[in-house]
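The following exchange asks how the terms used for a protein structure are justified. Each answer sets a value against its definition.

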Amino acid sequence: MFYFSVLLLIAAVVLLVLKRRSIVDFRFATLTGLLVGAVGLLLTLSSFTYIVEPYEVGVPTSLGSVGGTWQPGLHLKSPLTEVTTFSTRPSDLNLTGDDTVEVRSSEGGVLYVDLTVKWAIDPDHTLALYKLSGNAANVQQRLVYPDTREIVRNVFAKHTSVEGYASQREAISAEMERLITDRLSPRGIIVNSVNLRNVKPSEVLQKAIDQKIQQDQATQQAAAAVLTAKAEAEKRRIEAESTAAANTVIANSLTDRILQSQCYDAFRAAAEKNPVYASPCGSGSGGAPVIVDGTKR
């Protein structure tokens, strides 16, 4: 831009000189020269200033020398100074679609992981990031992107397929966020969150997982059936012991005197309704009476 503005100024001066010496004779030569000169002057002045926008940090370089960082605002500079800006707004790294991470579990099963990393540049480390990456776009491509994929693969490699697919997803997500943060923070990259959006097993692994889930369910059902059978057996044992104890109590309580008394009571009750007579029950002097219905002879 600076060289272009210089060329415009030179063109304006040449045009005005030629007009003054009557070398050129078109009508608007003077006006054209003045306009070209004004544009060249404005461009020249603008090459001495630079505006860093809000939520940005500028890194000036001049003839191979890197200067200090510039905060948002107007800055004076040399026309030969180039300014590279880094946005400090949060950015999203979406590892989905073509960027889905293919991982392997500790058992060798293949899983496809979709996740989003929300990150931002730490303004205090912008100069270091410039030296590492060169510009804002390369921060994601050279630092956040490859490190995230590496950590995701390493974390899933420590877990089984079922853990990665279902039972340990929250723990895996927390572990990945911690490791990614530990890796990127020293470089001046703030990791706000790591969202494990989806874990999809390969077709072969999906069949194996379904089979294992069915086996686990069958094992649990068998264990429950064993516990139920044990409980029923214990219940029957307790009932049998209770019945045996009751029979023992009854047997011990039925003495000859009690049996004879109960026989007398039965005779009296029968005599009230039907003409009956009694004969001795059993044999011997202690035998209980036999109740005989006199109407049925």
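Q: What makes strand 7 and strand 8 a pair, and in which sense do they run, parallel or antiparallel?
A: The model is a predicted one, in which local features need pLDDT of at least 70, side-chain atom pairs count only at pLDDT 80 or more, and totals for chains, interfaces and linings use all residues. Residues are numbered from 1 along each chain as its sequence is written, and side-chain values use heavy atoms, with hydrogens and water left out. Two strands pair if DSSP finds at least two bridges between them. Strand 7 and strand 8 (residues 110-121) have 4 bridges, in the antiparallel sense, so they meet the definition. One bridge joins Arg104 to Val110 of strand 8. In the hairpin of these strands, 5 residues lie between them, and Gly108 has a positive phi near 95°.

Q: Why is 101-104 called a strand, and how do its side chains point?
A: A strand is a DSSP run of E of at least two residues, a helix a run of H or I of at least four, and both are numbered from the N terminus. Strand 7 covers residues 101-104. Val101 and Val103 point to one face and are buried (under 20% relative accessible area with a 1.4 Å probe, protein chains only). Glu102 and Arg104 point to the other face and are not buried. In a regular strand the side chains alternate between the two faces of the sheet.

Q: What makes strand 3 and strand 5 edge strands?
A: The order of an open, antiparallel sheet of 3 strands is 3-2-5. Strand 3 (65-66) and strand 5 (81-87) each have a single partner strand, so one side of each lacks a neighbour in the sheet. Strand 2 (residues 56-62) pairs with strand 3 over 2 bridges in the antiparallel sense, and Ser62 has Ser65 of strand 3 as its bridge partner.

Q: Which residues line the second largest pocket, and why do they count as lining?
A: On a 1 Å grid over the protein atoms alone, a pocket is an open set of points where a 1.4 Å probe fits, with protein on both sides within 12 Å along at least five of seven lines; lining residues have an atom within 4 Å of a point. Glu107, Leu205 and Asp216 are among the lining residues, so each has such an atom. Helix 7 (203-253) supplies the largest share, 6 residues.

How values were computed: Buried < 20%, exposed > 50% of the residue type's maximum accessible area, 1.4 Å probe, protein only.
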